[in-house]
Amino acid sequence: MNGVKIRAAAHYVPSAVLGNDQISTWVDTTDEWIVKRTGVSQRRISEGENTSDLSIEVGKQLLGSAGLAAEDVDLIMVATITPDYLTPSVACLVQEGLGAVNAFAFDISAACSGFVFGLSTAQKYLASGQYKNILIIGADVLSKITDWDDRGSCILFGDGAGGVLLVADPDALYSEKLHSRGGTVINGGHMEVVNPFSKRERKFDFLKLDGREVFDFAVKSVTENITELLEKVGMTLDDIDHIIPHQANGRIIEAIAKKLKTGLEKFYVNIQKYGNTSAASIPIALSEMFTNGTLKQGTGKKVILVGFGGGLTWGSVLMSV
Ligand code: COA
């Protein structure tokens, strides 16, 4: 069946906590408004650690808990939109940090869908039979590109990283439905790369977004995406144990549950603690679920991981754990 198995899951977030009350000291907002409209109570903010630092911590934890030597890692992928540099990739920095000398490494740029796209990529490499141990890490330091004076967006985001060690498992379930729609600019982009000869001004320095438009896109696309994935495998939501959505806004998740006519308890939600951590949000949730006992390797529980974000990009993966 070309399935895959999560051999280890891990996450790492910076220690500094930024609460809603602190944000309300510099923009016109309140804790009450933020909690009611987004579900976010606090987020972690890096005070110097870069995307590679967070990712390396995750990589070390993954190797440690799996008892795997760094030399046995075949491929490292980091999904991020906030790399330390344009080049080298964060994945190459992780390779160096871990001493994974036999791996090859590259980054994936698919915004908040990056981890799901990474899982899909890893599954193909594993199915080829040429590679055994793949690290997929989702990591973002969104505080680097957040406009901290824009109350409509700065309340949403946080920093963090999470990841998995993925191996092949022919008996495990795996299916996916991934999408992009280029040309639809909702998230305005950031820090355009402009050469000095082009005579062009840089248009974006920070992440810009039309919150309402993103909200509507997310609810519609995720609902349709989960439905088409279930149709593809001939299952219904009753067959699924957990849905692990990208954590963008608690109200988005509630609206998706309502449209799918299922209870919110099927969805894992931790946005109150971390805000929207982009590519990191799904693997942080996965890692927490293994730590708090919601998931256990070898139980065969069926989970859907669903991401959506800039690009536009969106997609879901169904797998058993
Ligand atoms: N505090 C207080 N008021 C705020 C505010 C804040 N932090 N941010 C916006 N407002 C105000 C607006 O100015 C507006 O006031 P007005 O009615 O006087 O014009 C009012 O609140 C409603 O704004 P609106 O944008 O319609 O609110 P909303 O319910 O859509 O919530 C978001 C805004 C950004 C929280 C919400 O749209 C969202 O989460 N969207 C998804 C964004 C996202 O996740 N992007 C990344 C995707 S991966």
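1. Strand E11 has cover on both of its faces: Thr313, Gly315, Val317 and Met319 are buried on one side, and Trp314, Ser316, Leu318 and Ser320 are buried on the other. This is a predicted model, and the points below should be read with that in mind. The strand spans residues 313-320, and eight of its eight residues are buried, so E11 is largely enclosed by the rest of the structure.

2. Two strands pair with E11. Strand E8, residues 174-180, runs antiparallel to E11 and is joined to E11 by seven bridges. One pair to look for here is tyrosine 174 with its bridge partner in E11, methionine 319. Strand E10, residues 302-309, is also antiparallel to E11, with eight bridges between them. In that pairing, glycine 309 has threonine 313 of E11 as its bridge partner.

3. The link between E10 and E11 is a hairpin, with three residues separating the two strands. Glycine 311 sits in the turn and has a positive phi of about 140 degrees. A second glycine with positive phi is glycine 99, which follows helix H4 and has a value near 75 degrees.

4. Helix H4 covers residues 90-98, and its buried residues are Val90, Ala91, Leu93, Val94, Gln95 and Leu98. The cover over these buried residues includes helix H3 (51-66), strand E4 (75-79), strand E5 (104-108) and strand E6.

5. Valine 141 belongs to strand E6. Is valine 141 buried or exposed? Its relative accessible area is 2%, which is under the 20% cut-off, so valine 141 counts as buried. Leaving out residues up to four places away in sequence, valine 141 touches Ser46, Glu49, Asn50, Thr51, Leu54, Thr82 and Asp159. Valine 141 and glutamine 247 are 106 residues apart in sequence, and their C-alpha atoms are 15 Å apart in space.

6. Threonine 146 lies in the loop between strand E6 (134-141) and strand E7 (159-168). Although this is a loop position, threonine 146 is buried, with a relative accessible area of 2%. What does the side chain of threonine 146 reach? It comes to 2.7 Å from the backbone oxygen of leucine 142. Beyond neighbours within four places in sequence, threonine 146 is in contact with Cys154, Phe157 and Phe206.

7. The model also holds a ligand, with 22 residues around it. Those that come nearest are Thr29, Arg37, Arg151, Gly211 and Asn249. By class, the shell is made up of nine nonpolar, eight polar and five charged residues. Helix H2 (31-38), helix H6 (211-233) and strand E10 each contribute at least two residues to the shell. H6 gives the largest share, four residues. Strand E10 thus appears twice in this note: in the shell around the ligand, and as an antiparallel partner of E11.

8. Several polar atoms lie close enough to the ligand to be listed by distance. A polar backbone atom of arginine 151 is 2.9 Å from a nitrogen atom of the ligand. A backbone N or O atom of glycine 211 is also 2.9 Å from a ligand nitrogen. For arginine 212 the atom belongs to the side chain: one of its N or O atoms is 3.1 Å from an oxygen atom of the ligand. The ligand taken alone exposes 960 Å², and the protein buries 73% of that area.

Notes
Residues numbered from 1 in each chain as written. Predicted model: local features only at pLDDT ≥ 70, side-chain atom pairs only at ≥ 80, totals over all residues. Heavy atoms only, no water. Buried < 20%, exposed > 50% of the residue type's maximum accessible area, 1.4 Å probe, protein only. Pairing = 2+ DSSP bridges. Polar contact = N/O pair within 3.5 Å; in protein donor to acceptor, adjacent residues only side chain to side chain. Contact = heavy atoms within 4.5 Å. Near = heavy atom within 4 Å. Areas by Shrake-Rupley, 256 points an atom, 1.4 Å probe, with all protein chains shown as cover. Nonpolar A, V, L, I, M, F, W, Y, C, P; charged D, E, K, R; others polar.
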